[in-house]
Amino acid sequence: MGDEEKKDVGDKNDHRRLHSFPLIRHSDMAEEMRTEAMELCVTACEKFASSNEAASKMIKENMDKKFGSSWHVVVGEGFGFEITYETKNLLYMFFGGSVAIAVWKCS
């Protein structure tokens, strides 16, 4: 491997490392709930990296068990949304650079 090729591989790894942390865009959840929800979202997205639908299902089922029913989840890239939700029950975050996750509760 030449020096140029090594640099390209290094740049790609640096880019992945920079964007592999969760970034919360908006949340009105309590600190404890937000931390649990964020960790759950990261786990689901890492486990089901190739299936946003499976990640959404895992997040929803776990949120329903931990915090009561009527949670809704959207995982994907390039979407917009307008929702009505119960106050103190919204999390909008990014993970892995371009994957957005919206989690909210409404009855």
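This is a short tour of the structure above, one selection at a time.

**Before you start**

The model is predicted: local features need pLDDT of at least 70, side-chain atom pairs count only at pLDDT 80 or more, and totals for chains, interfaces and linings use all residues. Residues are numbered from 1 along each chain as its sequence is written, and side-chain values use heavy atoms, with hydrogens and water left out.

**Stop 1: the whole chain**

Switch to a cartoon view. You should find three helices and four strands, where helices (H or I, at least four residues) and strands (E, at least two) are DSSP runs numbered from the N terminus. Read from the N terminus on, the elements go α-β-α-α-β-β-β. Now colour by burial: buried residues make up 31% of the 107 residues. Buried here means under 20% relative accessible area, exposed means over 50%, and partly exposed lies in between (1.4 Å probe, protein chains only).

**Stop 2: the sheet**

Select residues 23–27 for E1, 71–76 for E2, 90–95 for E3 and 99–105 for E4. Together they form an open sheet of four strands in the order E1-E3-E4-E2, with antiparallel pairing. E1 and E2 stand at the edges with a single partner strand each, so one side of each has no neighbour in the sheet. From one strand to the next, the twist averages 15°. Two strands count as paired if DSSP finds at least two bridges between them.

Zoom in on E3. Five of its six residues are buried. E3 pairs with E1 in the antiparallel sense over four bridges, and with E4, also antiparallel, over six bridges. Pick Met 93 to see both sides: its bridge partner in E1 is Ile 24, while in E4 Met 93 stands opposite Ile 101. Follow E3 into E4 and you pass through a hairpin with three residues between the strands. Gly 96, in that turn, has a positive phi of about 70°.

**Stop 3: helix H2**

Next, select residues 31–47, helix H2. H2 has 17 residues and reaches 24 Å from its first C-alpha to its last, close to the expected 24 Å; the expected span is 1.5 Å times one less than the number of residues. H2 packs on the sheet, touching E1, E2, E3 and E4, and its direction makes about 40° with that of E3. For such angles, axes are lines fitted to C-alpha atoms (for helices over the stretch in contact), and values run from 0 to 180 degrees between N-to-C directions. Show the side chains of its buried residues, among them Met 33, Met 38, Leu 40 and Cys 45. The buried residues of H2 pack against H3 as well as the four strands E1, E2, E3 and E4.

**Stop 4: helix H3**

Move on to residues 52–67, helix H3, which has 16 residues. Which of its residues are buried? They are Ala 55, Ser 56, Met 58, Ile 59 and Met 63. These residues cover an arc of only 165° around the axis, which puts them on the same side of H3; the arc is that of the directions from the helix axis to the C-beta atoms. The face turned away from that buried side carries the exposed residues Glu 53, Lys 57 and Lys 65. H3 lies across E2 and E4, running at about 155° to E2. Just after H3, click Gly 68, whose phi is positive, near 90°.

**Stop 5: the cores**

Show Ile 59, Met 63, Met 93, Ile 101 and Val 103 as spheres: of the 22 residues in the largest nonpolar core, these touch the most other members. A nonpolar core is a set of buried Ala, Val, Leu, Ile, Met, Phe, Trp, Tyr and Cys residues joined through side-chain atoms within 4.5 Å. H2, with eight residues, supplies the largest share of this core. Now centre on Ile 101. Leaving aside neighbours within four places in sequence, its contacts (heavy atoms within 4.5 Å) include Cys 41, Cys 45, Ile 59, Val 74 and Met 93. A second, separate core of five residues includes Leu 90, Tyr 92, Ala 100 and Trp 104.

**Last stop: Gly 76**

Finish in E2, at Gly 76. Is Gly 76 buried or exposed? Gly 76 is buried, with a relative accessible area of 6%. Beyond neighbours within four places in sequence, Gly 76 is in contact with Asn 52, Ser 98, Val 99 and Ala 100.
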